[in-house]
Amino acid sequence: MSASPKLGNVIAPNLEWIAKVTEEALEPALPIVDPHHHLWQRTGNDYMFHDLLADTQTGHNIVATVFVDCHSMYRKEGPAELRCLGETEFANGVAAMSASGLYGNLRACAGIVSHVDLRLGAKAGAVFDAQIAAGNGRFRGIRYQTGLDKDPGIRATRTNPTPGLMADATWREGFRELDRRGLTFDSWTYHPQIGEVADLASAFPNTQIVLDHVGGPLGYASYASRHDEVFATWKKSMTELARRPNVTVKVGGLGMAMGWFDFYERAVPPGSEELAKAFKPWVETTVEIFGADRCMFESNFPVDKITSGYGVLWNAFKRLAAGASTAEKTALFSGTAARVYKLALG
């Protein structure tokens, strides 16, 4: 690929580079729910329904997907707190197209995880109700990006969070409105903040909390030379978090430019065997700590598309799950996601 991307940022994938390595799907009949992908139009980095279709038609049995918040298609006008409805309306439109059957058996965006600004406090309740209506039965909850680190070299996530945001009283008033409606909460945070997620899960034991991208382990800036230390800290925090039964984990997101792997800088993309070997410590440790019934493999496309093609990624996950029982495989590839996001499959 060209010049090295800036770590911590979303990088546009090089489609010609990705196409250099393709593989036949392993276990092609195994049903898969992809619980984490985005759709957007960004300068030089579009990923729309036809792109998702192309990726999901690479031999694996992708039966459904969950669209996740990425500040896509927000309304241009109207009250600021309601502009996020545009994203849900957009995803629901894609879901309606997919549900027509004209594009095969895939049910894209069967679940929609959008956004509500919890800093509205109790006023967030009205926005949640509007999101539920906009989702036409598909809105499942929100993601809130709280990623922030004391190292100024670490990029803060999109919401411009303040330190300790998940413990803020007003923010938790907003969270309580989510809790009252039985909605899910996706947490995109960095590994030093996993303890904050644990505290939130304890405060709201009836809310289903989903930790995105195995907790966001950082491997760049001041963390670049501390990989062993980071892994040990991350593992300890994940072990403590797992004591909260209302927390599940999305196993993926490891292909992002977060300083752990440099596959995107190589002349040729990795095959699934190499990818599985690289991801193995994170994946196996997460599943050992939480159990398969509290873990779900995710693509995180198109963000992780800088590292491999969609088909190669799912082959890597299948290699990692090769020793799992039939019940464990079902949980990892579809069952946990279907349960958490209340998806009707079949």
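Trainee: Is Arg172 buried or exposed?
Mentor: Arg172 is buried, since its relative accessible area is 15%. Buried means under 20%, exposed over 50%, and partly exposed in between (1.4 Å probe, protein chains only). This is a predicted model: local features need pLDDT of at least 70, side-chain atom pairs 80 or more, while totals for chains, interfaces and linings use all residues. Numbering starts from 1 along each chain as its sequence is written, and side-chain values use heavy atoms, without hydrogens or water.

Trainee: What does Arg172 form a salt bridge with?
Mentor: Its partner is Asp199. The closest N and O atoms of the two are 2.7 Å apart. A salt bridge puts a side-chain nitrogen of Lys or Arg within 4 Å of a carboxyl oxygen of Asp or Glu.

Trainee: Where do Arg172 and Asp199 sit in the chain?
Mentor: Arg172 is in helix α5, residues 169–180. Asp199 is in helix α6, residues 194–203. The pair links distant parts of the chain, 27 residues apart. Helices (H or I, at least four residues) and strands (E, at least two) are DSSP runs, numbered from the N terminus.

Trainee: And Asp199, how exposed is that one?
Mentor: Asp199 is partly exposed, with a relative accessible area of 40%. So this bridge joins a buried Arg172 to a partly exposed Asp199.

Trainee: How many salt bridges does the structure hold?
Mentor: There are 19. One of them pairs Glu240 with Arg243. Their closest N and O atoms are 3.0 Å apart.

Trainee: Are Glu240 and Arg243 buried or exposed?
Mentor: Glu240 is partly exposed, because its relative accessible area is 33%. Arg243 is exposed, at 62%.

Trainee: Got it. Which residue does Asp69 meet in a salt bridge?
Mentor: Asp69 meets Arg143, side chain to side chain. The N to O distance is 2.9 Å.

Trainee: What does that pair tie together?
Mentor: Asp69 lies in the loop between β2 and α3, and Arg143 in strand β4 (residues 139–145), so the pair ties together parts that are 74 residues apart in sequence.

Trainee: Buried or exposed, those two?
Mentor: Both Asp69 and Arg143 are buried. Set that beside the other bridge we looked at, where Glu240 is partly exposed and Arg243 is exposed.

Trainee: Which residues are linked with Asp69 and Arg143 in a network of salt bridges?
Mentor: Arg158, Asp186, Asp212 and Lys250 join Asp69 and Arg143 in that network.

Trainee: New topic. Where is Ser72 found?
Mentor: Ser72 is in the loop between β2 and α3. Asp69 is in that loop too.

Trainee: Buried or exposed, this serine?
Mentor: Ser72 is buried, because its relative accessible area is 3%.

Trainee: What does its side chain reach?
Mentor: The Ser72 side chain reaches the backbone oxygen of Leu39, at 2.9 Å.

Trainee: Which residues is Ser72 in contact with, leaving aside neighbours within four places in sequence?
Mentor: Those are Leu39, Trp40, Gly86, Glu87 and Phe90. Contact here means heavy atoms within 4.5 Å. Leu39 comes up twice for Ser72: as a contact and as the residue whose backbone oxygen the side chain reaches.

Trainee: What should I find first on the model?
Mentor: Start at the loop between β2 and α3, where Ser72 is found. Pick out Asp69 in that loop, then follow its bridge to Arg143 in strand β4. Then look for Arg172 in helix α5 and Asp199 in helix α6.

Terms used
A polar contact is a pair of N or O atoms within 3.5 Å; within protein, one must be able to donate a hydrogen and the other to accept it, and residues adjacent in sequence count only if both atoms are side-chain atoms.
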